[in-house]
Amino acid sequence: MRSLAQWLADYGESHQHPINQKIHQVAVPGIFLSVVGLVWSIPSINLLGTTVNWVWVAAMPIWVFYFRLSLSVFIMMLGFTLACISLIWSLDLMQLPVFLISLTGFASLWLLQFIGHKIEGKRPSFLDDLVYLLIGPIWVFRKK
């Protein structure tokens, strides 16, 4: 497995243009939030008499990946993920259309990302390796 420094350096190569960086600072956390909302929208499962939302099932291997990169990354992304889940849960409690809000955010923010990469003149990193979808938030939060 590549080190955190290698992942971040490789990701950073296709994110040099200041406009692309600014777009990513908004779009990457927003996309993460919208994915949480989309997964939240999948009907829950009944597991050993307990109702479990798929967001918890999906989060576990992602948290393991972050933990294997570094403890500080794990804590940062655990906090961010829990904040996203809390926000989505709040939207759900207010009976707002979580799926529609998340889908709209996902589509519009990805469009922004592709515009950023057009300006950059380089293709998105995730086209080479899907793991970069998990590296993007780390890069954005460490960039600030």
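In which helix is Leu103 found? Hold that question while you orient yourself. The model on your screen is predicted.

**Stop 1: the whole chain**

Show the chain as a cartoon. Its secondary structure comes to six helices and two strands. Trace the elements from the N terminus: they run α-α-β-β-α-α-α-α. The radius of gyration is 16 Å, and the globule rule gives 15 Å for 144 residues, so the chain is as compact as a globular protein of that length. Along the principal axes, the C-alpha atoms fill a box of roughly 50 × 30 × 25 Å.

Now switch on the surface. The chain exposes about 8200 Å². Carbon and sulfur atoms supply 70% of that area. Of the 144 residues, 42% count as buried. Next, think about contacts between residues at least 6 apart in sequence: 73% of them join residues at least 24 apart. Colour by charge if you like. There are 9 positive and 6 negative charges, and the mean positions of the two sets are 6 Å apart.

**Stop 2: the annotated spans**

Select residues 23-42, 73-91 and 97-115. An unreviewed UniProt entry places the feature "transmembrane region" at these positions. How much of residues 23-42 is helix, and how much is strand? The span is 90% helix and 0% strand. Its end C-alpha atoms are 29 Å apart. Move on to residues 97-115. This span is 95% helix and 0% strand, and its end C-alpha atoms lie 27 Å apart.

**Stop 3: Leu103**

Back to the opening question. Leu103 is found in helix 5, which covers residues 98-120. Show its side chain on the surface. Leu103 is partly exposed, because its relative accessible area of 38% falls between the 20% and 50% cut-offs. Then add Gly37 to the selection. Leu103 and Gly37 are 66 residues apart in sequence. In space, their C-alpha atoms are 8.2 Å apart.

**Stop 4: Leu48**

Select residues 45 to 52. Strand 1 is 45-47 and strand 2 is 50-52, and Leu48 sits in the loop between them. Check the backbone here. Leu48 is not a glycine, yet its phi is positive, at about 55 degrees. Is Leu48 buried or exposed? Its relative accessible area is 87%, over the 50% cut-off, so Leu48 counts as exposed.

**Stop 5: Gln95**

Go to the loop between helix 4 (71-93) and helix 5, where Gln95 has its place. Gln95 also calls for a backbone check: its phi is positive, about 60 degrees, although the residue is not a glycine. Turn on the surface again. Gln95 counts as exposed, at 72% relative accessibility.

**Stop 6: Gly121**

Follow helix 5 to its far end and step into the loop that links it to helix 6 (132-143). Gly121 is found in this loop. Gly121 has a relative accessible area of 62% and is exposed. Now pick Asn20 as well. Gly121 and Asn20 are 101 residues apart along the chain. Their C-alpha atoms are separated by 9.8 Å.

**Stop 7: Trp139**

Finish in helix 6, where Trp139 lies. Is this tryptophan, Trp139, buried or exposed? Its relative accessibility is 7%, under the 20% cut-off, so Trp139 counts as buried.

Which residues does Trp139 touch, not counting those up to four places away in sequence? Select Leu8, Tyr11, Gly12, His15, Gln21 and His24: Trp139 touches these residues. Show them as sticks around the Trp139 side chain.

Add Trp7 for a last distance. Trp139 and Trp7 are 132 residues apart in sequence. From C-alpha to C-alpha, the two tryptophans are 9.0 Å apart.

Technical notes:
Residues are numbered from 1 along each chain as its sequence is written. This is a predicted model: local features need pLDDT of at least 70, side-chain atom pairs count only at pLDDT 80 or more; totals for chains, interfaces and linings use all residues. Side-chain values use heavy atoms; hydrogens and water are left out. Helices (H or I, at least four residues) and strands (E, at least two) are DSSP runs, numbered from the N terminus. The radius of gyration is taken over C-alpha atoms; the globule rule is 2.2 Å times the number of residues to the power 0.38. Buried means under 20% relative accessible area, exposed over 50%, partly exposed in between (1.4 Å probe, protein chains only). Contact means heavy atoms within 4.5 Å. Accessible areas come from the Shrake-Rupley method with a 1.4 Å probe; for residues, only the protein chains shown count as cover. Lys and Arg count as positive and Asp and Glu as negative; His and the chain ends are not counted. The place of a charge is taken as NZ of Lys, CZ of Arg, CG of Asp or CD of Glu. UniProt positions are given in the numbering used here, feature names are shortened, and annotations may be inferred rather than shown by experiment.
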